[in-house]
Amino acid sequence: MGSFVPFQDLNLSPSPSQSPVSANDAFLTPPPLLIPKIEPKLEPLDSLAETPQPQDSQDTLFPDFTPNIFSNSEHTPHSQSSALSSSSEDNVYSEFHRVSELFRTAFAKRLQEQYGDVSVLDPDSRAIVPVNEENSLSSVVVTRPPRRYPKRSSELVRVTALGIEDQRYFRDVFRRTRMLYDALRIFSVLDEEKRRGESLGRRARGDLLAASVMRDRGLWLNRDKRIVGSIPGVEVGDLFFFRMELCVVGLHGQVQAGIDYLPASQSSNGQPIATSIIVSGGYEDDEDSGDMIVYTGHGGQDKFSRQCMHQKLEGGNLALERSMHYGIEVRVIRGFKYAGSFTNKIYVYDGLYKIHDCWFDVGKSGFGVYKYKLLRIDGQPEMGSSILRFAQSLRVSPLSVRPRGYLSLDISNKKENMPVMLFNDIDKDHDPLCYEYLVRTVFPPFAFNHGSSGTGCDCVSGCTDGCFCSMKNGGEFAYDQNGFLLRGKPAVFECGAFCKCPPSCRNRVTQRGLRNRLEVFRSRETGWGVRSLDLIHAGAFICEYAGIVLTREQAEVFTMNGDSLIYPSRFSQKWAEWGDLSQIYPDYVRPSYPSLPPLDFAMDVSRMRNVACYMSHSLTPNVLVQFVLHDHNNLMFPHLMLFAMENIPPLTELSLDYGVADEWTGKLSICI
């Protein structure tokens, strides 16, 4: 990377007796005090399946399981399952200690008042029995199985003054980690369904399985430091479909708890510090108006999330109060109901907030609750949650939201399944209206007379493993049951006109056309660009890159006249990064079947084009090109199908890596 990242040490906190000062000022403190374990403020569970309750609110353990995700692939190794990380005997000891601690805390002081000779435990101690000041050990020692992964760090740091290269590096690490997580999650679900059967039991929790594998391999981010403030590589507006994603990238360290904090037992000054919260609207006393939040603390709730007793200023509640006292900001993640997601929920990172006030109040249920007033720090990008709401209003009534700027509500003239809008509020350029909209690529007639184009599968209700089309793809389908690309391949054979399977077949994903509402817009930075009004899942099909196919001889004539062409062979091979598990398996082999000959053709988009031709160029794109064949089997003339490389929020510009300078013309292969 070529530069060092400055980490600001926050373990040396200011004295509580002083007014809030810089977190860099160091001071000496007595040995840290211990506090009793507090039940965390729980957020509603993801609705995909029941999530196990965390045993340790600061470092939750999951069943150690490595899915055999390549059991049917000849290109990659088999994985092995591992044993569970906790035993039932350990759970019994933990429950006994918890009950014993509650009993002693509740009755010890009363017994001392009556009899005077009963020792009372320090309420801030975790010990089951009093511990002498001398270095002595308790006679009862409960051992836990050794961890196979590093424990979360207790060192508080703040990352500051990142250079441009550092920002790009951390963003690339973040994106690659999420791609790896998505690949593991999808393959884990497929493997579980194959082993158990699709109709047996509840759906496999691919999000938990993938997180467990990555944790065991040491691939969770930001575990060596507990970061206060912004996480390097994570940008305001980033979207997540699973709570486990937040843990994997280090944005929020709790699987279910709404407050993530460094406990007092791990803090150098003996005081807890909060680092992030999740606001999901699941608590009756929460108030959320965007830049201002009134957040209620944890504790005093029953299993139905109803307040049944008073809250106490301890655990996460105390951590938020201490963060307010020291002027330490917290990250805010908002959770929303979203019908199109896997768990009926999405999470969006909305930036940094400062805690300005804390008070004890009577909640709506009649019990005392702690409330915290948080204000968003100025100078940050627009909140992702605001963009989500704005995009939703655009989908419903675009003209009422944007009365000026729309040149067309559908430049495809209903040729696409979804409208493709044209928006320009910068200048008077109407260029996209001058071209004929092309839905599919036009190939030369001789491309259809090559190979066994008259054969197809005999599947009636849909393709299954082992069918003719499956064998054409090397024995495995390219898509899962939801239509998401499993991993990139040199080429994908989809079912064609001679197959008996219906249009809903899992192997006809790209033939169903556009599924998201796209908008061509005018940008001051990139000229014309493309963005979606919908949230696009990672691995989802977007559209085809359509144009008129030209042979090399035809292309040479066009370039002599100064026309610019698109050369498919020059697109960056980003497909190789999607589904790449080389970080998990060192002997992972990139899919090489079927092998494509050199693509010796060009595409003319000068007169007829589709929405994809307006996508801008980027060296770190969020869209990849996957070659697909379905209407013919000529490997020399594949379709250029575009898939999302990551979760793309609404109104985020779509970008492609068009490749390096073309060998024919020496120009960058961009059509605009």
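**Figure 1. The hairpin of β10 and β11 in the predicted model.** Strands β10 and β11 form a hairpin in which five residues separate one strand from the other. Within the turn, Gly-366 has a positive phi of about 90 degrees. The structure shown here, as in every view that follows, is a predicted model. Nine bridges hold the pairing of β10 with β11, a strand that spans residues 368-376, and the sense of this pairing is antiparallel. One residue pair serves to locate the register: Phe-360 has Tyr-370 in β11 as its bridge partner.

**Figure 2. Pairing of β10 with β9 and β4.** Strand β10 covers residues 345-362 and is also paired with β4, a strand of residues 239-240. β4 and β10 run antiparallel and are joined by two bridges. The bridge partner of Phe-240 is Tyr-347 in β10. A further antiparallel pairing links β10 to β9, which comprises residues 330-337, through seven bridges. In this pairing, Phe-336 lies opposite Ile-346 of β10.

**Figure 3. The open sheet β12-β13-β16-β17.** Four strands make up this open sheet, and their pairing is mixed. Its edges are formed by β12 (406-408) and β17 (527-532), each of which pairs on one side only. From one strand to the next, the twist averages 30 degrees. The edge strand β17 runs antiparallel to β16 (residues 518-523), and six bridges join the two. Within this pairing, Arg-522 has Trp-528 of β17 as its bridge partner.

**Figure 4. The open sheet β15-β23-β24-β18.** This view shows an open sheet of four strands with mixed pairing. The edge positions belong to β15 (492-493) and β18 (541-544), and each of these strands pairs on one side only. β15 pairs with β23, which spans residues 623-629, in the parallel sense over two bridges. Val-492 stands opposite Val-628, a residue of β23.

**Figure 5. Cysteines without a disulfide.** The structure contains zero disulfides. Cys-499 is in no disulfide, and the nearest cysteine sulfur, which belongs to Cys-469, is 3.5 Å away. A disulfide requires cysteine sulfur atoms within 2.5 Å. Cys-499 has a relative accessibility of 11% and therefore counts as buried. For Cys-543, the closest cysteine sulfur is that of Cys-613; the distance is 8.7 Å, which is too far for a bond. Cys-543 also counts as buried, because its relative accessibility is 3%.

**Figure 6. The largest cavity and its lining.** A search of the whole structure finds six cavities of 30 Å³ or more. The largest cavity, the subject of this view, holds about 110 Å³ of space. Its lining consists of 15 residues. Those that lie nearest the centre of the largest cavity are Arg-152, Leu-221, Asn-222, Gly-250 and Gly-253. By residue class, the lining of the largest cavity divides into five nonpolar, five polar and five charged residues.

Conventions
Residues are numbered from 1 along each chain as its sequence is written. This is a predicted model: local features need pLDDT of at least 70, side-chain atom pairs count only at pLDDT 80 or more; totals for chains, interfaces and linings use all residues. Side-chain values use heavy atoms; hydrogens and water are left out. Two strands pair if DSSP finds at least two bridges between them. Axes are lines fitted to C-alpha atoms, for helices over the stretch in contact, and angles run from 0 to 180 degrees between N-to-C directions. Buried means under 20% relative accessible area, exposed over 50%, partly exposed in between (1.4 Å probe, protein chains only). On a 1 Å grid over the protein atoms alone, a cavity is a set of points where a 1.4 Å probe fits but cannot get out, and a pocket is an open set with protein on both sides within 12 Å along at least five of seven lines; lining residues have an atom within 4 Å of a point. Grid points are joined across faces, edges and corners, and a volume is the space filled by probe spheres set on the points. Ala, Val, Leu, Ile, Met, Phe, Trp, Tyr, Cys and Pro count as nonpolar, Asp, Glu, Lys and Arg as charged, and the others, Gly among them, as polar.
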